[in-house]
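The following note sets out some remarks on the pockets and cavities of the structure. Please read the points alongside the coordinates.

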Amino acid sequence: MTSLPDRRRVVVTGMGAVTPCGVGTDALWDAVVAGQSAITRLDAPAFAGSPVRIGGQVRGFDPAPYVQGALARRISPVQQWAIAAADEAMRHAGIELSPFGATPIDPTDGRNASLGADCLALALPWPRERFAIIAATGSGPIDAMQAATRAFDAKGARAVPPTLAVYGAPDGAATLLAARYGAFGASPAVSATCASGAMGLGTALRWIRHGYADAVLVAGMEDCLGPINLAANARLHALAIGYEDHPRAACRPFDRARRGFVMASGACAMLLEAESTARARCADGSADIELAGYAATSDAWHATAPRPDGTGAARAMLACLADAGASVDTIDHINAHGTGTPQGDAAEIAALETVFGARGHAIPIAATKATTGHLLGAAGVAEAIVAARTLATGLVPPTRNLTDPEFPDWDIVANAARAAHVTTALSNSFGFGGHNAALLLRKRTHDTP
């Protein structure tokens, strides 16, 4: 390995999304900044007996521009969404992709060599062996396993598709994307329930920072919005119940009337790159958001409930600040985990009190799951995208449905987006099993040291 600085800066150069808000990061941002809920009633026959019949569904997605033929039939919708989000992130980063089905060029330069019909990247700005992919997901393509189980029960072993062994695993999307772009770096999955996306980004940050890769594409993905997973979470008393007639009012982070979270599906992608390579090729400001800090901890407490005093989450935030070389005084926005569960929201506020003290009460906070629903393993990437757009635009999104705040002495932005001078943002992700992750994003300029 070539000699590299101990800590290279890492910047965001590409973002993509397929969420209940629509296809593309603009659709995600527009809905979030407007506080326009994407939660709807689940009216499909499969949900007829479900105790919960609301959720954030991906609607109107056409896979044809991204995947066709036999592969489209063999992979799950969530993997199709991940491919679409990844393509958007690559294009956002200025990576030229060939039209679907085109014959790739075959230059003699090894870093741009054709890898066959599945390779859509005509050229990469980094050596292929230094480009890695991470799939971040809590459950992976769980629908494939459920469908195969039903087929096995009904018709026996010969009804189980052999592709289940390849595409039915959490890392399936990462290997698909590695082949698609010709990425020779590592292509694993990171799984930590609802903290998966943030941990995937944190892993990518460390790989680039310490010289194991020059660029890493992180695809957060989840599709647990089925009757089995809804039933399991409902039996845990984790979901908001009783909102079938007004689903957009169901997710109520930090509100006294909150009853639980609202499950959603989708995929979001973020391309991270060493600042040195990004600055050399990005002249349009697309490399001006730095992922500067990351930390993760475990509560070691309970399978589903957080520590009531939020100490595990607080340790993650404090370690994240230290990782970025930042102090509590530098944070001017927090994208909260804020799922709308009674215990989770209270524990997060307790953690923020521990970390920020009285100063934290003046920091504008957004809890955007009230708009998107809880994207589970994809949530950390989705909310990092929202935090990056907040830094870029100076608009703090509102927390929808916050009409009776339980924590009125905290500045949880409600009702309408707020213009603010935001240069450094903290994004929190916590999950079942006691997983805690925190990311710090920072707005940089060309003269930032």
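1. A cavity here is a set of grid points where a 1.4 Å probe fits but cannot get out, and a lining residue has an atom within 4 Å of such a point. The model examined is predicted.

2. With a threshold of 30 Å³ or more, the search of the whole structure returns 1 cavity. The volume of the largest cavity is about 40 Å³. Its lining consists of Leu28, Thr368, Lys369, Thr372, Gly373, Leu375, Ala379, Ala382, Glu383 and Val386.

3. Which elements give two or more residues to the lining of the largest cavity? They are α12 (369-372) and α13 (379-393). The largest share comes from α13, with 4 residues. By class, this lining comprises 5 nonpolar, 3 polar and 2 charged residues.

4. The largest pocket should be considered separately. It holds about 470 Å³ of space. There are 31 residues in its lining, and those closest to the centre are Thr304, Pro306, Thr341, Gly344 and Phe432.

5. Both helices and strands contribute to the lining of the largest pocket: α10 (311-324), α11 (342-356), β14 (424-431) and β15 (435-443) supply at least two residues each. Among the contributors, α11 gives the most, with 5 residues.

6. As to chemical character, the lining of the largest pocket has 16 polar, 11 nonpolar and 4 charged residues. For the largest cavity, the corresponding figures are 3 polar, 5 nonpolar and 2 charged.

Technical notes
Residues are numbered from 1 along each chain as its sequence is written. This is a predicted model: local features need pLDDT of at least 70, side-chain atom pairs count only at pLDDT 80 or more; totals for chains, interfaces and linings use all residues. Side-chain values use heavy atoms; hydrogens and water are left out. On a 1 Å grid over the protein atoms alone, a cavity is a set of points where a 1.4 Å probe fits but cannot get out, and a pocket is an open set with protein on both sides within 12 Å along at least five of seven lines; lining residues have an atom within 4 Å of a point. Grid points are joined across faces, edges and corners, and a volume is the space filled by probe spheres set on the points. Ala, Val, Leu, Ile, Met, Phe, Trp, Tyr, Cys and Pro count as nonpolar, Asp, Glu, Lys and Arg as charged, and the others, Gly among them, as polar.
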